[in-house]
Amino acid sequence: MNGRLAVELVPRSREGLLADAALVRGILPEMSVINVPDLLRLPIRSWEAAALLEGRAGSVIPHIRAVDVDPERPLHGADDPALREVLVISGDPPPDPTHRTWPQSSAEIIARYRRELPHLTVYAAFDPYRRSPREELEEIARKRDAGAAGFFTQPLFDRRMLDLCMNWLHDDTVFWGLSPVIGPKSRTYWERVNRIVFPRDFDPSLEANIAFAAEVLTLAAERGDSAYLMPLRVDLAAYLTPLKGIYRSPA
């Protein structure tokens with residue numbers, strides 16, 4: 001099986017999103033997927049960004065927050081005939097307490113997508129940091145049973161954790177996540193918000209982050225797995241240019 005390389009782009013504005021997509025496409029011609037997070041503080045929802053980006057990559061995968069899906073209304077993206085894939089996440093509590101949410105799990109919304117929009121490929125999230133491995137793998141089993149075709153991992157930051165996760169998900173279609181962590185403020189953000197446990201010898205330099213990304217991209221391509229890059233809080237060109245040509249999925 002051949003994998004794919006994705007880049008996650010944050011939709012801060014229409015103009016900025018299109019400019020970032022053009023920049024990434026120029027740097028990484030091997031990129032075939034753009035995935036788009038759904039951030040409530042921004043004016044563009046992920047499925048709106050996906051429609052805007054159509055034709056800018058082989059596929060665009062919007063994140064869908066399960067808690068934001070209204071049980072009485074059509075699914076997000078249902079009116080976009082070009083949409084082919086979605087990633088369902090549970091969704092953090094909204095910063096605005098007046099924002100309406102519903103008590104729904106990712107598995108419930110995955111099942112609804114598979115039932116109502118069966119032409120879509122539906123992915124789920126895998127996060128080895130927020131709960132015990134046993135609990136996360138039990139949740140993964142529920143998402144598989146609901147119809148998830150594969151998983152996007154939380155970004156991983158060391159080879160030992162990657163090897164464990166590759167063992168746990170050895171029979172699954174997986175996009176292995178990578179994101180640069182540059183400096184102490186970035187590290188603190190990941191530890192506080194995403195509960196990341198960094199290895200004792202973690203190096204928060206740009207060069208070390210690029211070297212690790214190159215190592216994982218090479219391994220993923222050799223395995224026929226997919227990968228995605230989440231270039232947060234870093235210059236896109238500075239991070240992505242050294243990675244050009246690293247991900248070469250076997251023919």
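Between which two elements of secondary structure is the loop of Arg233 found? Arg233 belongs to the loop that runs between strand S8 (226–229) and helix H8 (236–240). This report treats a predicted model, beginning with the overall fold and then turning to three individual residues.

**Overall architecture**

The protein contains 8 helices and 8 strands. Its radius of gyration is 17 Å, close to the 18 Å that the globule rule gives for 251 residues, so the protein is as compact as a globular protein of that length. Along the principal axes, the C-alpha atoms occupy a box of roughly 50 × 40 × 40 Å.

Buried residues make up 51% of the 251 residues of the protein. When contacts between residues at least 6 apart in sequence are considered, 75% of them join residues at least 24 apart.

The exposed surface of the protein amounts to about 12000 Å², and carbon and sulfur atoms supply 51% of that area. As to charge, the protein carries 31 positive and 35 negative side chains. The centres of these two sets lie 2 Å apart.

**Gly177 in strand S7**

Gly177 is part of strand S7, which spans residues 174–178. Its relative accessible area is 2%, and Gly177 is therefore buried, the cut-off being under 20%. Leaving aside residues up to four places away in sequence, Gly177 touches Thr153, Gln154, Pro155, Leu156 and Tyr228. Leu162 lies 15 residues from Gly177 along the chain, and the C-alpha atoms of the two are separated by 9.8 Å.

**Two arginines with positive phi**

Most residues other than glycine have a negative phi. Arg195 has a positive value, near 60°, and Arg233 likewise has a positive one, near 55°. Both residues are found in loops: that of Arg195 lies between helix H6 (183–194) and helix H7 (206–223), while that of Arg233 connects the elements named at the outset, strand S8 and helix H8.

Are these two arginines buried or exposed? Arg195 has a relative accessibility of 51% and counts as exposed, because the cut-off for that class is over 50%. Arg233 is also exposed, with a relative accessible area of 58%. The table sets out the values for the two residues.

| Residue | Phi | Relative accessible area | Loop |
|---|---|---|---|
| Arg195 | near 60° | 51% | between helix H6 (183–194) and helix H7 (206–223) |
| Arg233 | near 55° | 58% | between strand S8 (226–229) and helix H8 (236–240) |

Conventions. Residues numbered from 1 in each chain as written. Predicted model: local features only at pLDDT ≥ 70, side-chain atom pairs only at ≥ 80, totals over all residues. Heavy atoms only, no water. Helix = DSSP H or I, 4+ residues; strand = E, 2+ residues; numbered from the N terminus. Rg over C-alpha atoms; globule rule 2.2 N^0.38 Å. Buried < 20%, exposed > 50% of the residue type's maximum accessible area, 1.4 Å probe, protein only. Contact = heavy atoms within 4.5 Å. Areas by Shrake-Rupley, 256 points an atom, 1.4 Å probe, with all protein chains shown as cover. Lys, Arg positive; Asp, Glu negative; His and termini not counted. Charge placed at Lys NZ, Arg CZ, Asp CG, Glu CD.
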